[in-house]
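Hi,

Here is the structure I said I would pass on. Have a look at it first, and then read my notes below.

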Amino acid sequence: MFNTLVTISLVIQPNLTVATPIPRENDLWVQRTAQIQNVVDTQGHDANVIFIGDSITQGWEGSGATIWKDTFAPLKSINLGVSGDRTEHVLWRLENGHLMGMAPDVAILMIGTNNFGQHDSYSPQEVLRGVVSVVEKLKTELPNTHVLLLDIFPRGKHFNAMRGAIAQVNQALQ
């Protein structure tokens with residue numbers, strides 16, 4: 001009986017995690033989010049541009065550091081990228097201090113790729129809902145900020161089902 005109830009509730013209950021703020025539990029994530037919070041607390045009030053996303057965004061601090069320094073740092077930019085983040089993790093960060101005291105002119109968002117292709121991959125419809133939730137959160141919290149949403153990058157060297165799913169989400173976001 002219990003198994004039947006659990007199965008029925010899982011079928012009826014929609015998957016809310018993609019658009020529900022959830023923190024990650026690993027040490028690297030906790031360290032990175034604390035590092036970002038320190039930057040937000042000390043420099044956020046002066047930020048003109050914020051970059052929000054996952055490892056692609058965080059990568060501006062690694063292999064993209066020279067370009068960041070020459071191109072984006074003069075614009076008073078802040079990098080809010082965290083490797084491995086999914087839409088639900090970004091939502092949690094935005095609700096828990098990573099926008100505090102900021103009123104940037106532009107927010108550049110790239111998120112959603114990690115919602116595909118992992119152990120609990122989401123459908124294109126769910127990923128779309130998660131990305132839209134992040135955009136809506138930004139527009140609500142930063143009403144005078146222009147939000148620039150970038151496409152989710154394709155994944156894999158060759159054509160595959162995940163590329164098709166990502167293309168569907170990108171097309172729906174146009």
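Is Trp29 buried or exposed? Trp29 comes out as buried, with a relative accessible area of 4%. Keep in mind that this is a predicted model.

Trp29 is a good way into helix H2, so let me start there, since the buried residues of H2 are Trp29, Arg32, Thr33, Ile36, Gln37 and Val40. Looking down the axis of H2, you find these buried residues within an arc of 140°, so they line one face of the helix. What does that face pack against? The buried residues of H2 pack against helix H3 (55–58), strand E2 (77–81) and helix H5 (87–95). On the face turned away from the buried side, H2 carries the exposed residues Asp27, Leu28 and Gln31.

I also checked the length of H2. The helix has 17 residues (27–43), and at 1.5 Å a residue these should span 24 Å. The end C-alpha atoms are 24 Å apart, which agrees. At the N-terminal end, Asn26 acts as the cap of H2: one of its side-chain oxygens lies 3.3 Å from the backbone nitrogen of Leu28.

Now for the aromatics. The count comes to five aromatic pairs. In one of them, the ring centres of Trp29 and Trp92 are 5.5 Å apart and the planes are at 55°, so this pair is tilted. It links distant parts of the chain, with Trp29 in helix H2 and Trp92 in helix H5, 63 residues apart. While Trp29 is buried at 4%, Trp92 has 26% relative accessibility and counts as partly exposed.

Another tilted pair is Trp68 with Phe72, at 5.5 Å centre to centre and 50° between the planes. How far apart are Trp68 and Phe72 in helix H4? They are four residues apart in H4 (residues 65–72), so about one helical turn separates them. Trp68 counts as buried at 13% relative accessibility, and Phe72 is buried too, with a relative accessible area of 17%. Trp68 and Phe72 also belong to one aromatic cluster, together with Phe51 and Trp60.

Phe51 brings us to the strands. Which residue of E2 is the bridge partner of Phe51? That partner is Asn79. Strands E1 (residues 49–53) and E2 run parallel and are joined by five bridges. E2 is mostly covered, as five of its five residues are buried. Ser77, Asn79 and Gly81 point one way from E2, and Ile78 and Leu80 point the other way.

E1 also pairs with E3 in the parallel sense, over five bridges. Here Val49 has Val106 in E3 as its bridge partner. Strand E3 (residues 106–110) is mostly covered, with four of its five residues buried. E3 in turn pairs with strand E4 (residues 146–149), again in the parallel sense, over four bridges. If you want a spot to look at in that pairing, Ala107 stands opposite Val147 in E4.

If you open the model, you could begin at Trp29 in helix H2 and go across to Trp92 in helix H5, then move on to the cluster of Phe51, Trp60, Trp68 and Phe72.

Cheers

Methods: Residues numbered from 1 in each chain as written. Predicted model: local features only at pLDDT ≥ 70, side-chain atom pairs only at ≥ 80, totals over all residues. Heavy atoms only, no water. Helix = DSSP H or I, 4+ residues; strand = E, 2+ residues; numbered from the N terminus. Expected span 1.5 Å × (residues − 1). Buried < 20%, exposed > 50% of the residue type's maximum accessible area, 1.4 Å probe, protein only. Arc of directions from axis to C-beta. Contact = heavy atoms within 4.5 Å. Polar contact = N/O pair within 3.5 Å; in protein donor to acceptor, adjacent residues only side chain to side chain. Phe/Tyr/Trp six-rings, centres within 6.5 Å; stacked < 30°, edge-to-face > 60°. Pairing = 2+ DSSP bridges.
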